[in-house]
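Me: Hi! Could you walk me through this structure? I'd like to start with the empty space inside.

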Amino acid sequence: MDALETIEKQRSRTPAVRPDDLPRGIAFAVVSMFLFAVMDAISRVLTRDMGLGVAQILWARFVIFFFFALAIIGPRAFLPSFRSALPRVQILRGVALVFEIGIFILAFRYLPIGDVHAVAAAAPLVVLALSNVMLRERVPFAIWLAVAVGMAGVIIVVRPGLREFSWFHTLPALGALSWGFYQTLVRMVGRLDSANTTLAYTVVIGTALTTCVGPFFWTDPSLAAWGLLLASGLLGAGAHFTLIKAYAACSAPRLQPYGYTLVLWAILVGFVGLGEFPDSWTLAGAAVIVAAGLFALLRERRMA
């Protein structure tokens with residue numbers, strides 16, 4: 001029995017799926033994107049400037065994330081929260097998340113965070129395509145148009161063919177595919193499972209997988225690196241929790257245009273925190289992305 005059949009059977013036994021709460025979903029999504037941008041800037045410092053490895057950062061981040069989730073859910077409710085209508089999908093989602101985070105941390109070692117997220121902004125197109133196939137969600141033409149315009153802005157930022165290309169430029173594209181797949185699975189489990197259930201599976205699977213490799217690639221961090229590792233873990237925990245809440249409040253296609261705000265946050269954080277000043281092409285592409293998001297917001301309000 002596949003996940004879609006399980007969802008349909010559960011729907012026949014339970015009340016109709018709750019309607020979308022678009023303002024709540026947008027608010028959680030935008031906050032989540034900001035937290036991700038700050039976390040990624042810290043990852044760039046840890047890998048590029050402090051010499052820490054991807055496995056070590058992943059392990060530290062998920063251990064901190066585990067204790068964060070334990071505090072949010074509560075020790076007594078933690079084990080009962082593993083009751084899931086889609087346990088296999090939850091496990092697959094957890095594995096996809098570990099892979100996606102590892103890919104992006106590696107990308108930040110070689111590329112500015114603004115450039116990485118400009119390419120990774122293709123993830124909404126992945127979510128839209130998978131939402132049609134995996135979730136059978138209707139995607140209005142206006143949303144497709146908004147995402148397409150946003151992708152045009154991404155192309156302006158990346159300028160393919162006009163830059164020297166290296167192998168590590170493929171990392172953000174691979175990350176975008178896995179990020180889009182992960183978000184689709186978050187929405188799938190969010191239809192039937194609570195946010196606490198999804199959070200519990202996330203931290204247990206992530207901590208278990210990274211514990212298998214993290215200790216073998218450990219480098220003693222400095223005091224400053226310890227502080228950044230702690231901040232990175234707390235930011236990641238908050239970012240993933242707010243993303244889970246966003247998809248619990250609203251369907252995946254309607255939130256995708258606002259995922260482009262991650263590019264804008266990354267440019268801002270990169271400039272303020274790392275001194276990576278965006279060029280005129282990057283600013284022009286960012287303006288197109290903002291316009292696409294505003295169009296989607298106005299269109300959604302009119303439809304509502």
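Reply: Happy to. This is a predicted model, and its largest cavity holds about 240 Å³ of space.

Me: How many cavities of 30 Å³ or more are there?
Reply: The count comes to three.

Me: And which residues lie nearest the centre of the largest cavity?
Reply: Those are Glu100, Phe104, His117, Trp179 and Leu262, out of a lining of 22 residues.

Me: Which helix gives the most to that lining?
Reply: Helix α5 does, with five residues. That helix runs over residues 87-110. At least two lining residues each also come from α2 (22-49), α6 (113-120), α7 (123-135), α9, α12 (252-259) and α13 (261-274).

Me: You mentioned α7. Which of the residues in α7 are buried?
Reply: Ala123, Pro124, Val126, Val127, Leu128, Ser131, Met134 and Leu135 are buried there.

Me: I see steps of three or four in that numbering. Why would residues three or four places apart point the same way?
Reply: An α-helix has 3.6 residues a turn, so positions with that spacing face the same way.

Me: What happens just after α7?
Reply: Arg136 follows, and its phi is positive, at about 55°.

Me: Let's move to α9. Where does that helix run, and is Arg187 in it or outside it?
Reply: Helix α9 covers residues 170-190, and Arg187 is in it.

Me: Is Arg187 buried or exposed?
Reply: Buried: its relative accessible area is 7%, and the cut-off for buried is under 20%.

Me: What does the side chain of Arg187 reach?
Reply: The backbone oxygen of Cys250, at 3.2 Å.

Me: Now the outside. Which residues make the nonpolar surface patch?
Reply: Phe141, Leu145, Val149 and Phe295 make it, and the patch has an area of about 370 Å². Helix α8 (residues 141-158) gives the most to this patch, with three residues.

Me: Take Leu145, then. Where is it placed, and why can it count towards a patch?
Reply: Leu145 is in helix α8. Its relative accessible area is 36%, so it is partly exposed, and patch residues need over 30%.

Me: Last topic, the overall picture. How many helices and strands does the chain have?
Reply: There are 14 helices and zero strands.

Me: And how much of the chain counts as buried?
Reply: The chain has 304 residues, and 54% of them count as buried.

Notes: Residues are numbered from 1 along each chain as its sequence is written. This is a predicted model: local features need pLDDT of at least 70, side-chain atom pairs count only at pLDDT 80 or more; totals for chains, interfaces and linings use all residues. Side-chain values use heavy atoms; hydrogens and water are left out. Helices (H or I, at least four residues) and strands (E, at least two) are DSSP runs, numbered from the N terminus. Buried means under 20% relative accessible area, exposed over 50%, partly exposed in between (1.4 Å probe, protein chains only). A polar contact is a pair of N or O atoms within 3.5 Å; within protein, one must be able to donate a hydrogen and the other to accept it, and residues adjacent in sequence count only if both atoms are side-chain atoms. Patches are made of residues with over 30% relative accessible area and no salt bridge: like charges are joined within 9 Å, nonpolar side chains (Val, Leu, Ile, Met, Phe, Trp, Tyr) within 5 Å. Accessible areas come from the Shrake-Rupley method with a 1.4 Å probe; for residues, only the protein chains shown count as cover. A salt bridge is a side-chain nitrogen of Lys or Arg within 4 Å of a carboxyl oxygen of Asp or Glu. On a 1 Å grid over the protein atoms alone, a cavity is a set of points where a 1.4 Å probe fits but cannot get out, and a pocket is an open set with protein on both sides within 12 Å along at least five of seven lines; lining residues have an atom within 4 Å of a point. Grid points are joined across faces, edges and corners, and a volume is the space filled by probe spheres set on the points.
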